[in-house]
Amino acid sequence: MEIPSIDDQIAVTDRMIEDRPDLSNPLELHKKILQAQRQVRESPKKGTDVDWDDKSIIDDLQRKAVRSGQPIASFLDPSIFDSKALLHTIGQVIGALIEKGVKEDWPKKFLDEVKRGETNILDLVGAAMKGDAEYFKRYGERFEVSPALILFIINSSIQPCLEEIAKRVDPSFLERWWKAPCPICGRRPMVAKLRARKRHLTCTLCGAVYLADLFLCVNCGNVDPYTLKFLAPEGHSEFRVDFCEKCKHYLKVIDENRLKSPIPRGLEDIMTIDLDLMAKRAGLIRA
Ligand SMILES: [Zn+2]
Ligand SMILES: [Zn+2]
């Protein structure tokens, strides 16, 4: 899996904005986040002190993940990250969010606090890599801000590193994972691509594409086919929403054979926002 250059990704996003002006807001933000990540994305170590060309490092992480069933991110020590590079990206991401209309008082206070070291940036990164929702909930309560927003900012700063790992793992590792959370970063998938009747779960954070059972709720693990249903939008046979009657969560599915034009890598979640609206109207919950 190759990762296109930032400028190529931006050009592709611009074409999507022409196609779908109604999605220009989230697509513009996507472009700004790519720009914010430029320094780290264009550096070989992706904001860490790790030489990713050393195959033994990825091999070791893969082995640990397979043995434990836990994602690779849970074996990464946050101290591999370069605090200065993280702070740079976080500052840029916050700038992008403010340009897109997020009120500036909270993010500025947050950035100052992290810069002064009152909150250790590596603690935040460690919590993001472990998927520690409680940590972000407490942090959000203290700042009276949505935990999802803080997590978005931290995720954006570690995304280039996670993508690098996803790019380098063995294809067989992804094919044999067979669990719902992403094998690299541990996030629950929101999107899947249907290829040759197999549902390839697609991680919107690190870009990993991996396999799991076709009859599996990626939220609660339900495998009872009688309570796993789907919704199909009228006139769009290339899309559907798989959902679980037990927990009411859903997964957006893109049938690649039926797509008129391919959805660019990294834009799967944004280009299927219509499906989120349909799911919401049906009373379903986004993870
Ligand atoms: Zn992932
Ligand atoms: Zn479920």
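Which element gives the largest share of the lining of the second largest pocket? That share, 4 residues, comes from α12, and the pocket belongs to a predicted model, as does everything described below. The model also holds two zinc ions, one of them (ligand 1) with Cys182, Cys185, Cys203 and Cys206 as its protein donors, and the other (ligand 2) coordinated by Cys217, Cys220, Cys244 and Cys247. Aromatic pairs, of which the structure holds 8, are taken up after the metal sites, and two loop residues with positive phi values, Ala196 and Arg197, close the briefing.

**Pocket and cavity**

- The second largest pocket encloses about 430 Å³ of space, and among the 18 residues that line this pocket, those closest to its centre are Arg20, His236, Glu238, Phe239 and Met271.
- Two elements, α1 (6-19) and α12 (273-281), each give two or more residues to the lining of the second largest pocket.
- There is 1 cavity of 30 Å³ or more in the structure, and the volume of the largest cavity is about 30 Å³.
- The lining of the largest cavity is made by Arg188, Pro189, Val218, Asn219, His249, Tyr250 and Ala287.

**Zinc ion (ligand 1)**

- The SG atoms of Cys182, Cys185, Cys203 and Cys206 act as the protein donors of the zinc ion (ligand 1), at 2.2 to 2.3 Å from the metal.
- The angles among the 4 donor atoms run from 97 to 128 degrees, and the site of the zinc ion (ligand 1) is tetrahedral.
- Along the sequence, the donor residues of the zinc ion (ligand 1) follow the spacing C-x2-C-x17-C-x2-C.
- Cys185 comes from the loop between α10 (171-175) and β1 (191-195), whereas Cys206 comes from the loop between β2 (198-202) and β3 (209-211), so this pair ties together parts that are 21 residues apart in sequence.
- Cys185 and Cys206 are both buried.

**Zinc ion (ligand 2)**

- The zinc ion (ligand 2) is coordinated through the SG atoms of Cys217, Cys220, Cys244 and Cys247, which lie at 2.3 to 2.4 Å.
- Here the angles among the 4 donor atoms are 103 to 115 degrees, and the site of the zinc ion (ligand 2) is likewise tetrahedral.
- The donor residues of the zinc ion (ligand 2) have the sequence spacing C-x2-C-x23-C-x2-C.
- Distant parts of the chain are linked by the pair of Cys217, in the loop between β3 and β4 (228-231), and Cys244, in strand β5 (residues 239-244), the two being 27 residues apart.
- Cys217 is buried, and Cys244 is buried as well.

**Aromatic rings and charges over them**

- A pair of aromatic rings is described by how far apart the centres are and by the angle of the planes.
- Among the 8 aromatic pairs of the structure is that of Tyr135 and Phe136, whose ring centres are 5.4 Å apart and whose planes stand at 70 degrees, so the pair is edge-to-face.
- Both members of this pair, Tyr135 and Phe136, are buried.
- Tyr139 and Phe143 form another aromatic pair, which is tilted, with 5.2 Å from centre to centre and 40 degrees between the planes.
- Tyr139 and Phe143 both belong to helix α8 (residues 133-143), where they are 4 residues apart, about one turn of the helix.
- Tyr139 counts as buried because its relative accessible area is 6%, and Phe143 counts as buried because its relative accessibility is 9%.
- One aromatic cluster is formed by Trp106, Phe110, Tyr135, Phe136, Tyr139 and Phe143.
- Arg142 lies over the face of Tyr139, at 5.1 Å from the ring centre, while the charged end of Arg240 sits over the ring of Phe230, at 5.8 Å from the centre of that ring.

**Positive phi values in a loop**

- Most residues other than glycine have a negative phi.
- Ala196, a residue other than glycine, has a positive phi near 45 degrees, and Ala196 is located in the loop between β1 and β2.
- Ala196 is exposed because its relative accessible area is 66%.
- Arg197 also has a positive phi, of about 65 degrees, although Arg197 is not a glycine, and this residue too is found in the loop between β1 and β2.
- Arg197 is exposed because its relative accessible area is 75%.

Conventions
Residues numbered from 1 in each chain as written. Chains lettered and ligands numbered in written order. Predicted model: local features only at pLDDT ≥ 70, side-chain atom pairs only at ≥ 80, totals over all residues. Heavy atoms only, no water. Phe/Tyr/Trp six-rings, centres within 6.5 Å; stacked < 30°, edge-to-face > 60°. Buried < 20%, exposed > 50% of the residue type's maximum accessible area, 1.4 Å probe, protein only. Lys NZ or Arg CZ within 6 Å of the ring centre and 35° of its normal. Donors = N, O, S within 2.8 Å, 3.2 Å for Na, K, Ca; no water. Tetrahedral: all angles 85-135°; square planar, octahedral: opposite > 155°, others 65-115°. 1 Å grid on protein atoms, 1.4 Å probe; cavity = no way out; pocket = protein on both sides within 12 Å on 5 of 7 lines; lining within 4 Å. Points joined across faces, edges and corners; volume = space filled by probe spheres on them.
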